[in-house]
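Colleague: Before I plan any bench work around this protein, could you take me through the model, one point at a time?

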Amino acid sequence: MKPDYARNLRIVGWSDQDGCPDGMQLMVHRGYAYIAHMFSKGFIVLDVRDPTKPRTVAYHPAPPNTWTIHLQAHDDLLLVIHAKDMFAAAEFADERAYYQGQLGKAVGTAEGRRARDWSAGLAVYDLSRPEAPRQIGFLPVDGGGIHRCWYTGGRWAYVSALLDGFTDYIFVTVDLADPAQPREAGRWWIPGMHLAGGERPSWPEARRYGLHHAIVHGDTAYAAWRDAGLVVLDVADRSAPRLITHRNWSPPFGGGTHNALPLPDRDLLIVLDEAVLDHQEDGVKHVWVFDNREPSNPVSIATFPQPTEADYASRPGHFGPHNLHENRPGSFISSELIFTTWQNAGVRVFDIRNPYRPEEVGALVPPPPARLMDPRPGREKVIQSADVFVDSAGLIYCTDYSAGLYILEFDGS
């Protein structure tokens with residue numbers, strides 16, 4: 001299989017995921033890949049112990065009208081989100097409606113009056129047999145559901161939840177002391193989000209002030225809050241998260257903050273803004289390097305270079321960052337190499353040994369997908385590299401909205 005473009009990355013394996021090649025978040029754990037489908041209603045398990053021949057071993061369908069697009073695996077637990085299937089809903093046929101404004105109002109949960117025909121919450125699976133996840137618990141929520149979660153073992157998980165009475169997703173801590181009976185422990189939101197509590201937004205109506213997810217290191221949560229930028233929380237008391245600082249660079253930049261990755265050994269923070277509209281309609285999106293020596297005052301010091309070997313902005317689909325490898329325990333961990341997906345520009349690897357001058361050192365753009373999996377009107381058959389995970393051996397796994405799972409090897413310095 002020949003990529004459209006490659007530098008210092010090569011394809012070692014590929015899977016069409018048993019005929020459902022759409023993927024969103026993935027985890028690789030104990031020789032198995034857990035891939036959340038974007039459009040095929042559920043998640044799939046692949047045996048990747050031989051990365052040249054990935055093999056499907058299980059498929060778990062989602063409940064009706066429900067997204068299960070994000071998941072986390074660690075030790076013997078797999079956490080899978082349940083939320084309204086937004087991209088199957090008529091109100092979001094034009095993706096601008098999803099990425100702009102108060103999502104809770106668009107869904108009908110902000111006022112808490114909409115009847116729910118989807119599953120909303122967090123499903124907990126036992127992974128003692130990694131090839132055969134078995135659901136053992138469920139945390140229900142009242143509202144649109146949970147978008148993404150962070151879990152690296154132990155008692156606590158952290159989720160973004162769209163709850164009745166709120167304008168958008170907020171930060172919620174989850175107690176997994178008994179995985180069969182997970183429970184909410186605490187919550188935090190930007191003042192102005194809690195309509196049912198009498199609050200009103202102070203930001204423009206078109207801005208999307210909603211939590212994508214947080215990455216937690218120790219007692220600090222680094223939360224990517226879409227058009228509200230970066231929120232840093234003290235979660236030492238999981239029942240009462242406390243604001244450390246809030247930074248926002250939108251406007252003038254386009255918003256969509258999606259990942260905030262701490263690199264604690266270097267006092268750096270890598271923050272990625274997601275490109276969410278075609279042809280950079282939402283502006284040029286960046287991956288930012290922050291000096292994080294003073295956690296209450298992170299300072300931007302650089303941005304990653306943009307791909308320039310082709311005019312990707314003029315091509316169909318989204319051009320710009322989407323996800324990055326999040327240095328999870330048990331995976332490949334580096335504070336010098338950052339792995340990202342760049343949607344129609346594929347996968348990118350950056351060297352940040354000099355944090356003031358990040359350098360691209362690897363890239364691969366897969367060939368066009370064989371068919372289009374996105375059912376929304378007006379979408380085109382184009383690469384949209386979605387998530388990236390690097391295992392402890394350094395193999396790179398990449399999902400796509402239509403093109404299946406790619407397994408890559410980095411042969412740069």
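**Strands, burial and unusual bonds**

Modeller: Please keep in mind that this is a predicted model. In it, strand 25 (residues 347–351) runs antiparallel to strand 26 (residues 359–365), and the two are joined by 5 bridges.

Colleague: In strand 26, which residue does R348 stand opposite?

Modeller: Strand 25 and strand 26 are joined by 5 bridges and run antiparallel. Within strand 26, the residue that R348 stands opposite is A363.

Colleague: Which strands stand at the edges of the open sheet with the order 1-26-25-24?

Modeller: This open sheet has 4 strands with antiparallel pairing, and its twist averages 25 degrees from one strand to the next. Two of its strands pair on one side only, and these edge strands are strand 1 (5–7) and strand 24 (337–341).

Colleague: There is also an open sheet in the order 20-21-22-23; why is one side of strand 20 and of strand 23 left without a neighbour there?

Modeller: In this sheet of 4 strands the pairing is antiparallel, and neighbouring strands are turned by 25 degrees against each other on average, direction ignored. Strand 20 (257–263) and strand 23 (299–303) each leave one side without a neighbour because each stands at an edge with a single partner strand.

Colleague: How many bridges join strand 20 to strand 21?

Modeller: Strand 20 and strand 21 (residues 268–273) run antiparallel, and A260 stands opposite V271 in strand 21. The number of bridges that join the two strands is 6.

Colleague: Is strand 14 largely enclosed or left open by the rest of the structure?

Modeller: On one side of strand 14 the residues I170, V172 and V174 are buried, and on the other side F171, T173 and D175 are buried as well, so that both faces are covered. Since 6 of the 6 residues of strand 14 (residues 170–175) are buried, the strand is, with respect to the rest of the structure, largely enclosed.

Colleague: Which residue of strand 15 is the bridge partner of D175?

Modeller: Strand 14 is joined to strand 13 (residues 156–163) by 6 antiparallel bridges, with A157 opposite V174. Strand 14 also pairs with strand 15 (residues 183–188) in the antiparallel sense, over 5 bridges. In strand 15, the bridge partner of D175 is R183.

Colleague: Which residue in the turn between strand 13 and strand 14 has a positive phi?

Modeller: Strand 13 and strand 14 form a hairpin, with 6 residues between them. In the turn, the residue with a positive phi, of about 90 degrees, is G165.

Colleague: How many disulfides does the model contain?

Modeller: A disulfide would need two cysteine sulfur atoms within 2.5 Å. For C149, the nearest cysteine sulfur, that of C398, is 20 Å away, and for C398 the nearest, that of C20, is 18 Å away. By this rule the number of disulfides is 0.

Colleague: Is S385 buried or exposed?

Modeller: S385 lies in strand 27 (residues 385–390), and, leaving aside residues up to four places away in sequence, its contacts include H322, T341, C398 and D400. A residue counts as buried under 20% relative accessible area. With a relative accessible area of 0%, S385 is therefore buried.

Colleague: Where are the prolines P251 and P252, which follow cis peptide bonds, found?

Modeller: One cis peptide bond joins S250 and P251, with omega of about -10 degrees, and another joins P251 and P252, with omega of about 20 degrees. P251 is found in the loop between strand 19 (242–247) and strand 20, and P252 is likewise in the loop between strand 19 and strand 20.

Colleague: Is R30 buried, partly exposed or exposed?

Modeller: R30 has a positive phi of about 55 degrees although it is not a glycine, and it lies in the loop between strand 3 (26–29) and strand 4 (32–36). Its relative accessible area is 45%, so R30 is partly exposed.

Colleague: What is the radius of gyration of the protein, set against that of a compact globule?

Modeller: The protein comes to 2 helices and 29 strands, and buried residues make up 63% of its 413 residues. A compact globule with 413 residues would have a radius of gyration near 22 Å, and the value for the protein, which agrees, is 20 Å.

Conventions: Residues are numbered from 1 along each chain as its sequence is written. This is a predicted model: local features need pLDDT of at least 70, side-chain atom pairs count only at pLDDT 80 or more; totals for chains, interfaces and linings use all residues. Side-chain values use heavy atoms; hydrogens and water are left out. Two strands pair if DSSP finds at least two bridges between them. Axes are lines fitted to C-alpha atoms, for helices over the stretch in contact, and angles run from 0 to 180 degrees between N-to-C directions. The radius of gyration is taken over C-alpha atoms; the globule rule is 2.2 Å times the number of residues to the power 0.38. Buried means under 20% relative accessible area, exposed over 50%, partly exposed in between (1.4 Å probe, protein chains only). Contact means heavy atoms within 4.5 Å.
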